[in-house]
Amino acid sequence: MRNRGSISSYIERTGALQKILSLALRYAVINNHKDENWKSCTSMCNDDNDGYDFKVPKIATLVVFRTVEVLPTLVKKWWSDDCPRSLQSQVSEFVQYRVAPDTLKRELARINSASGIGDMEVSGSCVSREVTATYVQDE
C-alpha cells in the first residue's frame, strides 16, 4: 500500500480504528478458530455460486482480518489500550490462529516469487512460524 504511513496516521489521529473494530467485532465471528472453513474470513468470494457472499458476519470478520493484517501496530495498541477485556482472548486467538498463518503464507509466497534478491535464499515454515534467510557474502 503506497500511502500506508499517511493512512495509519490519519486513522490514529481520528480514533477511527476504535470505531471500525468495535462495530466489526459486534458482528464478526472470531471465536471459532477450529472451524474447518476458517479461510472464509479472507475473501468475499463464494465458491458455490461464482459470485459474492455479502453476509454481515462474513464482512465484519473480513474487516477485522484485513485491519489486523494491514495495520498491525495500531491494532496492537488498540488491543492493549482499548479492547474490552471480554474480547481480548478471542481477538488474540483470532490473530494467532487465523491472521498470522495466512499472512505468513502470503509473505513467503511473495518472497519466493521475488526477483532481484541475488544470492539470498529465503525459506520458511508455517507450522513452526520460522523464516530463514541465507546469503553468500564475498570477501
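Buried here means under 20% relative accessible area, exposed means over 50%, and partly exposed lies in between, with a 1.4 Å probe and protein chains only. Of the chain's 139 residues, 29% are buried by that rule.

This is a predicted model, in which local features need pLDDT of at least 70, side-chain atom pairs count only at pLDDT 80 or more, and totals for chains, interfaces and linings use all residues. Residues are numbered from 1 along each chain as its sequence is written, and side-chain values use heavy atoms, leaving out hydrogens and water.

**Figure 1. The whole chain, with 5 helices and 4 strands.** Helices (H or I, at least four residues) and strands (E, at least two) are DSSP runs, numbered from the N terminus. Along the sequence, they follow the pattern α-α-β-β-α-α-α-β-β. Contact means heavy atoms within 4.5 Å. Among contacts with a separation of 6 or more, 56% are between residues 24 or more positions apart.

**Figure 2. The second largest pocket and its lining.** A few terms first: on a 1 Å grid over the protein atoms alone, a cavity is a set of points where a 1.4 Å probe fits but cannot get out, whereas a pocket is an open set with protein on both sides within 12 Å along at least five of seven lines; lining residues have an atom within 4 Å of a point. Grid points are joined across faces, edges and corners, and the volume is the space filled by probe spheres set on the points. By this reckoning, the second largest pocket holds about 270 Å³ of space. Helix 3 (56–70), helix 4 (72–81) and helix 5 (85–113) each bring at least two residues to the lining, and helix 5 gives the most, with 5 residues. Look for Val 68, Glu 69, Pro 72 and Trp 79 among the lining residues. By class, the lining has 7 nonpolar, 2 polar and 2 charged residues; Ala, Val, Leu, Ile, Met, Phe, Trp, Tyr, Cys and Pro count as nonpolar, Asp, Glu, Lys and Arg as charged, and the others, Gly among them, as polar.

**Figure 3. Helix 3 and its buried residues.** The 15 residues of helix 3 reach 21 Å from first C-alpha to last, close to the 21 Å expected at 1.5 Å a residue. That expected span is 1.5 Å times one less than the number of residues. Its buried residues include Lys 58, Ala 60, Leu 62, Val 64 and Phe 65.

**Figure 4. An aromatic pair formed by Phe 65 and Phe 94.** A search of the whole structure finds 1 aromatic pair. Phe 65 and Phe 94 form this edge-to-face pair, 6.4 Å centre to centre and with 85 degrees between the planes. Because Phe 65 lies in helix 3 and Phe 94 in helix 5, the pair ties together parts that are 29 residues apart in sequence. Both Phe 65 and Phe 94 are buried. For the cut-offs, rings of Phe, Tyr and Trp (its six-membered ring) pair if their centres lie within 6.5 Å; planes under 30 degrees apart count as stacked, over 60 as edge-to-face and the rest as tilted.

**Figure 5. Surroundings of Trp 78 in helix 4.** Trp 78 is buried, with a relative accessible area of 6%. Leaving aside neighbours within four places in sequence, Trp 78 is in contact with Leu 17, Gln 18, Leu 21, Leu 25, Cys 83, Pro 84 and Val 91. Also worth finding is Glu 12, which is 66 residues from Trp 78 in sequence and 9.8 Å away in space, C-alpha to C-alpha.

**Figure 6. Ser 8 in helix 1 (residues 4–14).** Ser 8 counts as buried, at 17% relative accessibility. Not counting residues up to four places away in sequence, Ser 8 touches Leu 71 and Leu 74.

**Figure 7. Arg 106 in helix 5.** Arg 106 is partly exposed, its relative accessible area being 26%. Beyond its neighbours within four places in sequence, Arg 106 is in contact with Arg 66 and Glu 69.
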